[in-house]
2 protein chains.
Amino acid sequence: MTFSDGFQQWMQGVQTSVETTLERSLPPAATVPVRLHEAMRYAVLGGGKRMRPLLVFAAGALFDAPAAALGYAAAAVEMIHAYSLVHDDMPCMDDDALRRGKATVHVQYDEATALLVGDALQAQAFSVLAEAGADLPPQRQIGMLRVLAQAAGSRGMCGGQAIDLASVGVTLDRDQLEQMHRLKTGALLHASVLLGASCGKTLDDMERAALDRYAHAIGLAFQVVDDVLDATADSAMLGKTAGKDAAANKPTYVTILGLAQSQALAEKLRMEAHDAIAPFGVAAEPLRQLADLIVQRKT
Amino acid sequence: MTFSDGFQQWMQGVQTSVETTLERSLPPAATVPVRLHEAMRYAVLGGGKRMRPLLVFAAGALFDAPAAALGYAAAAVEMIHAYSLVHDDMPCMDDDALRRGKATVHVQYDEATALLVGDALQAQAFSVLAEAGADLPPQRQIGMLRVLAQAAGSRGMCGGQAIDLASVGVTLDRDQLEQMHRLKTGALLHASVLLGASCGKTLDDMERAALDRYAHAIGLAFQVVDDVLDATADSAMLGKTAGKDAAANKPTYVTILGLAQSQALAEKLRMEAHDAIAPFGVAAEPLRQLADLIVQRKT
């Protein structure tokens, strides 16, 4: 996975490698309880853009991080993301039937299984990261476990989801919308960047601040673009139900800023992300390209 | 929390100390998102026998483990237990309205909040254990994180829950029933013992085998006694709905072995637990007394 062959090849290399690590890090479908393990694999394998693993590897490239450690970190963060999708799709949350172009877990299996799949995937994520030690100093590995746990918890992803739930039919201003997304999506994207970089070295304050700024910009850009796509693309293209935020009367960047201003904001955030990582020079090329991809993607 | 004042005082000391650690380890109710943090505290604080924390401290007493580390380990394992109760009580699982004498979280709040409370508590448990480091060598701390993650996951607690779900209306034999409980309840009780002992030292093979045997015996005894109480006590006494396993057509020790034989099995397991920890001598007195408590409890 060198970058010299170009971004597309690098991306495919990371995606293939992460798929293999995920495959090996999930319990085999044949082990008891079989149905739960099948459903966990159904939820995680063979789909998704793997944006968080790409961020892990791109940040790792800044400091020549060992590939094995990056693979574990990427698998852990992707399992957290996958579990959150399974739970978010459940009837008591967003009640969605389509995800990554497939039936959601509670539709394909049942609600109780979907609940347990999410719970077990979260535990598995921490298990994988706690196993990742071979290449990492233990103290740094504990720091990474802490980063992941905090990003996943009530002051991270779960907290953002709670604010999202409470925002249906409520008028949020732009700051409140940003605060919600900073937790709901931003926290785990941020953690991906920090985890990848931490596989390479213990970050100093300057490096940490630069990566925080980059992660903040792309995290927000990711959501702005999601809202733009939700308003402009169709379900078949997205592989999930389009237009559902508007249908659910949820505030989005498009409803608050309008389409053109949302697109301009995404572009501004892309520039800010580039700016933040300029000090890392050529090693930051994967992070730069990912910022572009996040803003310019069509799905 | 010395043991010289007797078991009752020791227990109360541990319970008080763990309540304080839990209180401090949960996000304040006033921080955003307020409703989620209130519900997390509702789910965890002010209730329960704190059996897992007691096991953590009792196992820690074997090796003079530092109290601060034990407190973190106990809080982490209790948060995992509390989250599992919140999710198990949800309508798509056991659909229960009463827990620890209070309305269950989805009744007191709503289903989506209950889902997020469980998710966030699991993340918080790993966060707390990853913070616990002051008194522990990092390598041992990582080992403890691994023990907790594995006990919580699909080959531990979540797996047992999946087998339990699949067993409604099915005839299980005694071995299958034991396998289910070994995962569903036993895995986290086992982890409690290992985590407590690990706060004191890195276990050698003999110590590990003795503790495994003890934990296996009390884990199974715990479930056998639960089944006996479910069949003989009333809801007001238990603080949860009695007789629900029989009503749900779930296999229990009482339905498979009968009441008298179940009680005899619990007593046999109590003796086995005593036997397993005999080599630790007087330091194992708290573990011995807990085995007695687990078998002789009335709620």
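Of the 299 residues in chain A, 56% count as buried, and by buried I mean that 20 or more other C-beta atoms, placed from the backbone, lie within 10 Å of the residue's own; 12 or fewer makes it exposed, and anything in between is partly exposed. Before I go on, please keep in mind that this is a predicted model: local features need pLDDT of at least 70, side-chain atom pairs count only at pLDDT 80 or more, and totals for chains, interfaces and linings use all residues. Residues are numbered from 1 along each chain as its sequence is written, while chains are lettered from A and ligands numbered from 1 in the order in which they are written.

Let's stay with chain A for a moment. Chain A has 15 helices and 2 strands, taken as DSSP runs numbered from the N terminus, with H or I and at least four residues for a helix, E and at least two for a strand. The radius of gyration of chain A is 18 Å, close to the 19 Å from the globule rule for 299 residues, so chain A is as compact as a globular protein of that length. That radius is taken over C-alpha atoms, and the rule is 2.2 Å times the number of residues to the power 0.38. Along the principal axes, the C-alpha atoms of chain A fill a box of roughly 50 × 45 × 35 Å.

Now contacts, which here means C-beta atoms, placed from the backbone, within 7 Å of each other. Among the contacts in chain A between residues at least 6 apart in sequence, 73% join residues at least 24 apart.

So what about the core? In soluble globular proteins, nonpolar side chains tend to be buried together. Here the largest nonpolar core has 210 residues, and A:A73, A:L148, B:A73 and B:L148 have the most contacts inside it. A nonpolar core is a set of buried Ala, Val, Leu, Ile, Met, Phe, Trp, Tyr and Cys residues joined through C-beta atoms within 7 Å. Which residues does A:L148 contact, leaving aside its neighbours within four places in sequence? They are A:A76, A:V77, A:I80, A:A125, A:L129, A:A191 and A:L195.

On to the pair of chains. Chain B superposes on chain A through a rotation of 180° with 0.0 Å of shift along its axis, at an RMSD of 0.0 Å, fitted by least squares on the C-alpha atoms of residues with pLDDT of at least 70 in both copies. That is the relation of a two-fold axis. In chain B, the C-alpha nearest the axis belongs to B:P138, 2.8 Å from it.

The contact takes 43 residues from each of chain A and chain B. On the chain B side, α2 (34-44), α6 (111-131), α7 (138-152) and α8 (157-166) each supply at least two residues, and α6(B) gives the most, with 13. By class, that side has 24 nonpolar, 13 polar and 6 charged residues; Ala, Val, Leu, Ile, Met, Phe, Trp, Tyr, Cys and Pro count as nonpolar, Asp, Glu, Lys and Arg as charged, and the others, Gly among them, as polar.

Last, some backbone details you may enjoy. A cis peptide bond joins A:V32 and A:P33, with omega about -5°, and A:P33 lies in the loop between α1 (7-25) and α2 (34-44) of chain A. A:D95 has a phi near 50°, positive in a residue other than glycine. You'll find A:D95 in the loop between α4 (67-88) and β1 (98-99) of chain A, partly exposed, with 14 other C-beta atoms within 10 Å.

Technical notes: Two residues are in contact if their C-beta atoms, placed from the backbone, lie within 7 Å.
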